[in-house]
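This report describes selected features of one protein model. It takes up internal spaces, packing and a few single residues.

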Amino acid sequence: MTIGVCYFPEHWPSDRWETDVAQMADCGIEYVRMGEFSWGRVEPERGSFDFAWLDEAIDLIGDHGMEAVLCTPTATPPKWLVDDHPDIRQRDRDGTPREWGSRRFTCFNSPTYRAETERIVRTMTERYADHPYVAGWQTDNEYGCHETVTCYCDDCSEAFSEWLAERYDSVDALNEAWGTAFWSQQYDRFEAVDPPGPTPAAHHPARLLDYERFSNDSVVEYNRLHADLIREANDEWFVTHNFIGGFSLDAYRLADDLDFLSWDSYPTGFVQDRQPEPATPDQLRAGDPDQVGMNHDIQRGAKRNPFWVMEQQPGDVNWPPYSSQPADGAMRLWAHHAVAHGADAVVYFRWRRCRQGQEQYHAGLRRQDGSPDRGYRDASRAAEELFDLGSVDASVAVVHDYESLWATSSQPNAPEWDYWAHLRTYYDALRARGQQVDVVPPTADLQTYDAVVAPTLYLVGDDRASALADYVSSGGSLLLGARTGEKDPHNQLHESLAPGPLASLAGTRIERHETLPDSVETRVDYRGSEYGFRTWASWLAPEEGDRRGEYGTGEADGCPAIVHNETGQGAVTYCGCWPSDALADALVTDLLAAADIEYTDRFPDGVRVMERDGYTWVLNFTSDAVEIDVDPTVTFHTGGSTVGAFDVAVLDGPTQAVELVAE
């Protein structure tokens, strides 16, 4: 297990570099990431390259026993390039160009920018192709950050028309698939299909969905350009990209061109801008372990192998609404948490707080004067405590589908509908019961899992339905959540009642649905107990399935809400509502029991227990100490039976060997 750091030597006098790098080595750091925003320093004017400073920094890193991870610098092109080619800039929906002076403003479909990308990436990779201290590369930086997956420029318009022509046999086929007879939206040629700009009413949902698909494919093509050039220079380098959690970029689509996935983890920021509920005081100090954990598991599940945290929050950060100081020990806790989820490296961002630019209020492991900050001590301690591990072995998968995210976001049917939050309801319930969870795309092979949860598999065609039916018939236990099977892959309602091709598998149809504000009382009776639900309610009509739960309030009073169907050697449960936490817990424990999967007593919010390679982590993201009982045969590697505030214990043994002592 590896600790690393992000370093920007171009921000500091060169006579300081030796001291910085020596202190990194003393801290236990093994990898140093550099170069992601350096294009203007590497090529200050066209064709005039200055690599001497980067050569010196890489050599220093190697001389101190570490390795460099270099980045292609294309997220921030220099001003001279934008002045020469202003057409490389993205445009907003209304045609406004995104200006130079920040980052991530260039168009993925610009032929000019792709040519410039090839030029700078080829130059950099060829220069370091034989350098012994360069371990691998990160492509670009945080694709999609600042809502930049989609662009609406002329290059994108032309590329979108070409993409549609390749996807559909004819424009008549497109009209049929989209259903363009509605509001007289037919097209007579592919070139007539523009990007979806501003309109007085909503856009056609099929057009919006395909534009998201096209935009994501554009990122895939752009990233592949980087990856191919890197491997052409040295096929022994690893290639990765640093994704960022909770965004609309489909990380799974880029996975084939990467050796492993990485992501950038900022727990105290994410709880402020990526969840509907206000952050609690403890979350402002350490984040939410399940919010961060689900993103860890997305990166691992994309390729079913270890991942990296390429940017780990080192202290206070500048971009969320409030720059809360993390709790003492939080930066160490986050490293252990990532490793328990399957990370093989945790790279802190950044080494020193910068004195200039937009990130002056973003902490580093050391302060701007070079003195150590709290993150430095946490990183040093984590480097001493982490040890080599094998993979995470998960018996449960949660199906996560970016296309369902895009489609339900364009037609939420309620202000409170949130794809991520609904997914989290089930994910959190599984994690609270000590389960290791793989978060996987809908195309994943599910046969290796004893139980699968698909919270909102919104777009379902015959192929996907057949794959799920095969899984269940061979003995799998499947839990389907609200809005699953509502639409076909073109974002049209099925000709038959939902869940369309899943109806025979689920043993039910959906007669009608409603959405309700939080002010309305809601109740579901499930297997003799009463629970709440929120926002979404589908009224089910069982066919082959058995009624397991029914609504107890409102117009749906007495209507089936949850249906269970045993088919083949397995079984399916369809939950038509967005369950409360207690109902989600009841549903997942029934699922686990049916699949003969052991589970723990329910751990409280903020306390999680997880297992990797025969070792168990008890992670406390709260300000109160917790006491645990463990089997007397287990050995503590870190900590003990009292896990303090924002602390961690690591022991040799399974999660079932850990029991929380009641207060």
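Which helix gives the most to the lining of the second largest cavity? The helix is α8, with three residues. The model discussed here is predicted.

## The second largest cavity

The second largest cavity holds about 40 Å³ of space. Its lining is made up of Q90, C107, F108, N109, V149, C151, C156, F214, S215 and S218. By class, six of these residues are nonpolar and four are polar, with no charged residue in the lining.

## The largest cavity

The number of cavities of 30 Å³ or more comes to three. In the largest cavity there is about 90 Å³ of space. Thirteen residues line the largest cavity, and those nearest its centre are F243, I244, G245, L249 and Y402. Two elements, β6 and α12, each give two or more residues to this lining. The largest share, three residues, is from α12.

The lining of the largest cavity has nine nonpolar and four polar residues, and no charged ones.

## F243 in strand β6

One of the residues nearest the centre of the largest cavity is F243, which belongs to strand β6, residues 242-244. Is F243 buried or exposed? Its relative accessibility is 4%, so F243 counts as buried.

Leaving out residues up to four places away in sequence, F243 touches L249, A251, L254, L258, L261, S262, W263, D264 and Q299. Of these contacts, L249 is also among the residues nearest the centre of the largest cavity. Between F243 and H11 there are 24 Å in space, C-alpha to C-alpha, and the two are 232 residues apart in sequence.

## Helix α15

Helix α15 spans residues 402-410 and is mostly covered, with seven of its nine residues buried. The buried residues are Y402, E403, S404, L405, W406, A407 and T408. Y402 is also one of the residues nearest the centre of the largest cavity.

Which helices do the buried residues of α15 pack against? They pack against α8, α9 (251-254), α12 (289-303) and α16 (419-432). At the N-terminal end, α15 is capped by D401, which has a side-chain oxygen 3.2 Å from the backbone nitrogen of E403.

## H204, in the loop before α8

The loop between α7 (171-178) and α8 (205-233) contains H204. This residue counts as buried because its relative accessible area is 10%, below the 20% limit for that class.

The side chain of H204 reaches the backbone oxygen of W178 at 3.1 Å. When residues up to four places away in sequence are left out, H204 touches W178, G179, T180 and Q185. W178 therefore appears both as a contact of H204 and as the residue whose backbone oxygen the H204 side chain reaches.

## D273 in helix α10

D273 is in helix α10, residues 267-273. With 39% relative accessibility, D273 counts as partly exposed. Its side chain makes a polar contact of 2.9 Å with the side chain of R274. D273 and G246 lie 9.6 Å apart in space, C-alpha to C-alpha, with a separation of 27 residues in sequence.

## Nonpolar cores

The largest nonpolar core has 159 residues, of which I29, M34, Y348, Y551 and W617 touch the most other members. A second, separate core has 24 residues, including L478, A498, V572 and Y574.

Which residues does I29 contact, leaving aside its neighbours within four places in sequence? I29 is in contact with I3, G4, V5, M24, M66, W351 and L365.

## The second largest pocket

The second largest pocket encloses about 950 Å³ of space. It is lined by 35 residues, and F37, T76, R103, Q358 and E359 are those nearest its centre. How do the residues of its lining divide by class? There are 13 nonpolar, 13 polar and nine charged residues. The pocket lining thus includes charged residues, whereas the linings of the largest cavity and the second largest cavity have none.

How values were computed
Residues are numbered from 1 along each chain as its sequence is written. This is a predicted model: local features need pLDDT of at least 70, side-chain atom pairs count only at pLDDT 80 or more; totals for chains, interfaces and linings use all residues. Side-chain values use heavy atoms; hydrogens and water are left out. On a 1 Å grid over the protein atoms alone, a cavity is a set of points where a 1.4 Å probe fits but cannot get out, and a pocket is an open set with protein on both sides within 12 Å along at least five of seven lines; lining residues have an atom within 4 Å of a point. Grid points are joined across faces, edges and corners, and a volume is the space filled by probe spheres set on the points. Ala, Val, Leu, Ile, Met, Phe, Trp, Tyr, Cys and Pro count as nonpolar, Asp, Glu, Lys and Arg as charged, and the others, Gly among them, as polar. Helices (H or I, at least four residues) and strands (E, at least two) are DSSP runs, numbered from the N terminus. Buried means under 20% relative accessible area, exposed over 50%, partly exposed in between (1.4 Å probe, protein chains only). Contact means heavy atoms within 4.5 Å. A nonpolar core is a set of buried Ala, Val, Leu, Ile, Met, Phe, Trp, Tyr and Cys residues joined through side-chain atoms within 4.5 Å. A polar contact is a pair of N or O atoms within 3.5 Å; within protein, one must be able to donate a hydrogen and the other to accept it, and residues adjacent in sequence count only if both atoms are side-chain atoms.
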